[in-house]
Amino acid sequence: MKAIVVGSGFGGLAASALLAKDGFSVTVLEKNEGPGGRASVYSEGGYHFDMGPSWYLMPDVYERFFAEFSRKPSDFYELKRLDPSYRIHFGNGKVADISPELGKNLELFESLEPGGAEKLKEYLESAREKYDLSINELLYRDYRSILDFLSGRLILEGRKLHVFESLDKFVSKYFRSDEAKKIVEYSIGFLGGSPKNTPAFYHIMSHIDLTLGVYYPVGGMRRVASAMKEMAESYGVEFRFNEPAKRIEIENRVARGVTTAQGAYDADLVIVNADYPYSELHLIEPRYQSYDERYWESRVLAPSAIVIYLGVDRVIEPLAHHTLFLDRNWENNFDEIFDPERAGWPKSPSYYVNVPSRTDPTAAPPGCDTLFILVALAPGIEDTPVLRERFYDKIMDHLEATTGEDIRHAIRVKRIFALKDFEERYNAYKGTALGLSHTLFQTALWRPAHQSKKVENLYYSGHYTHPGIGVPMTLISSTIVAREIRNKYL
Ligand SMILES: Cc1cc2nc3c(=O)[nH]c(=O)nc-3n(C[C@H](O)[C@H](O)[C@H](O)COP(=O)(O)OP(=O)(O)OC[C@H]3O[C@@H](n4cnc5c(N)ncnc54)[C@H](O)[C@@H]3O)c2cc1C
């Protein structure tokens, strides 16, 4: 049987490899020049930038994915556990390094507030418990109806799982100091949410970064994408780059194939990895859309971003591999992203700097650094060259003042990628970088479905679907889709 996969992000790469292993003849149609989707690569002057993901988290999920093929990540790439895992500037002059060792983090928390060590222990125990439950029972399941949801332990244990409580309330029960709260809350940014609009259940993120650890795949996230492409090709998957899908051909509720500017491809199955709203609104006829424009308008979108890629001609010592600069009043910053009334370019933003060359000498020429600066923005706001440059200066003023380094004079390569680029390069709805936030009613059953409601052989995998945002999640999403297809067609 023939399957067409639209898009070669991690969701598309994973789905294509799994389907090919199951015996499907798979063709992947990708709009851009290479694999990885949001994890694209930009190289210039000897500097190599992972354009999107830079945190390799949940190594267990990657292990489990490769195990489907009787392989291991180490067959393809080397992983380094980062030390420090990351550095945080709290916005009040205080700085802390988060260690891969629990003992050191306990000491840190004790120094932040009385009893901090014990509180962190309890918090992490709760996070571990929920993480184990998620991995074993929740994340790898599909939710098609409320019954699937109820039959899980979710409702039975709803209170214990803290799905009905916001993260910020939950965290306040444990910690008092601004710094301790920020350490356990910042990671919610990975899920495209704020501590106020994300269920406390997602405190599992602290098990993920503080206990499981933060890793770096040598060669960057692009190495992981190319490993998955290699593996897919070893099962016969054909990749066609620079070939965007124009239309999914549907007759009588059955997808017959996909048309591009270059040709028409027949298919017995179509799996869409391209962003869900774009695909529904632009690739299929309105009568076959499962979700219309009104639905997408009513969703809580995850942030867009401005990403600044800088190649500098020396090492910027004060920067760790991952450094977070958190605003003193970060609630205000969340409002500027999530409150439609206040959405706009942030006045005093929190931001994140990634320096892969700190760990990987191949990322930059010798003696140089590759900097990736990311600031979250509200999706759908105005994006012009003037606004970008003004904002760039604001961030650089702050970064230079905080690190005490004159970075601007060391720049050899500079590129800015923001809202409009997300729209143009990835067909991202309103320029969102991350898709759909993880509010309670955009979780599990309430995320857009893996299978079309109107077309019987049309499936969706990737960050819009359950379980959601992040590379490991998209691998799980495709694992679910491939299993459903296997059960139905083989
Ligand atoms: C700046 C940034 C930083 C991030 N940091 C992290 C991180 O540190 N760790 C982490 O785990 N996750 C991170 N994420 C999230 C993670 O990158 C995403 O959740 C994940 O990569 C999404 O994968 P996907 O396959 O669902 O979508 P995508 O990667 O967007 O793939 C979809 C693909 O579809 C293609 N496409 C679109 N339209 C068409 C068409 N008409 N025809 C053919 N192809 C089409 C696109 O070009 C793209 O290649 C980050 C994301 C961003 C943007």
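This tour goes through the model stop by stop, saying what to select and what is found there.

The model is predicted, so local features are given where pLDDT is at least 70 and side-chain atom pairs count only at pLDDT 80 or more, whereas totals for chains, interfaces and linings use all residues. Residues are numbered from 1 along each chain as its sequence is written.

**The domains**

Begin by colouring the domains, whose bounds come from an automatic or database domain assignment: domain 1 takes residues 2–39 + 221–291 + 448–489, domain 2 takes 100–212 and domain 3 takes 300–426. The centres of domain 2 and domain 3, taken over C-alpha atoms, are separated by 27 Å. Seven residues from domain 2 and eight residues from domain 3 make the contact, where two residues are in contact if their C-beta atoms, placed from the backbone, lie within 7 Å. On the side of domain 2 that touches domain 3 there are one nonpolar, four polar and two charged residues; in this classification Ala, Val, Leu, Ile, Met, Phe, Trp, Tyr, Cys and Pro count as nonpolar, Asp, Glu, Lys and Arg as charged, and the others, Gly among them, as polar.

**Helices H1 and H11**

Next select residues 10–21, helix H1, together with residues 221–234, helix H11, whose axes come within 9 Å and cross at roughly 25 degrees. Helices (H or I, at least four residues) and strands (E, at least two) are DSSP runs, numbered from the N terminus, and axes are lines fitted to C-alpha atoms, for helices over the stretch in contact, with angles that run from 0 to 180 degrees between N-to-C directions. H1 and H11 are therefore roughly parallel to each other, on a scale where angles under 35 degrees count as roughly parallel, over 145 as roughly antiparallel, 65 to 115 as roughly perpendicular and the rest as oblique. The crossing in which H1 passes H11 is left-handed, a term used if the near helix is turned anticlockwise from the far one by less than a right angle, with right-handed used if clockwise. Show the side chains of Phe10, Leu13, Ala14, Ser16, Ala17 and Ala20 in H1, which meet Ala225, Met228, Lys229, Met231 and Ala232 in H11. By class, the residues of this contact of H1 with H11 are nine nonpolar, one polar and one charged.

**Helices H8 and H9**

For another helix pair, select H8 (residues 167–174) and H9 (residues 178–185), which pack at an angle of about 135 degrees with their axes 10 Å apart. H8 and H9 are therefore oblique to each other, and H8 passes H9 in a right-handed crossing. Leu167, Asp168 and Val171 of H8 make the contact with Lys181, Val184 and Glu185 of H9, and the residues of this contact divide into three nonpolar, no polar and three charged.

**The sheet of seven strands**

Now turn to the open sheet of seven strands, in the order E7-E6-E15-E16-E17-E14-E18 and with mixed pairing, where two strands pair if DSSP finds at least two bridges between them. Strand E7 (95–98) and strand E18 (411–417) stand at the edges with a single partner strand each, so one side of each is left without a neighbour in the sheet. From one strand to the next the twist averages 15 degrees. Select E14 (residues 304–312) beside E18, and the pairing is antiparallel over six bridges, with phenylalanine 417 in E18 as the bridge partner of valine 307.

**The sheet of three strands**

The open sheet of three strands has the order E10-E11-E12 and antiparallel pairing, and its edge strands, E10 (245–251) and E12 (264–266), each pair on one side only. E11 (residues 254–260) is joined to E12 by three bridges, and valine 258 has tyrosine 265 in E12 as its bridge partner. In the loop between E10 and E11 find asparagine 252, whose phi is near 45 degrees, a positive value in a residue other than glycine.

**A hairpin and two cis bonds**

Which residue of the hairpin of E3 and E4 takes a positive phi? With two residues between the strands, the residue to select is glycine 45, whose phi is near 55 degrees. E3 (residues 41–44) and E4 (residues 47–50) pair in the antiparallel sense over four bridges.

Finish at two prolines: the peptide bond from aspartate 83 to proline 84 is cis, with omega near 5 degrees, and proline 84 lies in the loop between E5 (79–81) and E6 (86–89). Histidine 466 and proline 467 are also joined by a cis peptide bond, with omega about 5 degrees, and proline 467 lies in the loop between strand E19 (458–460) and helix H17 (471–489).
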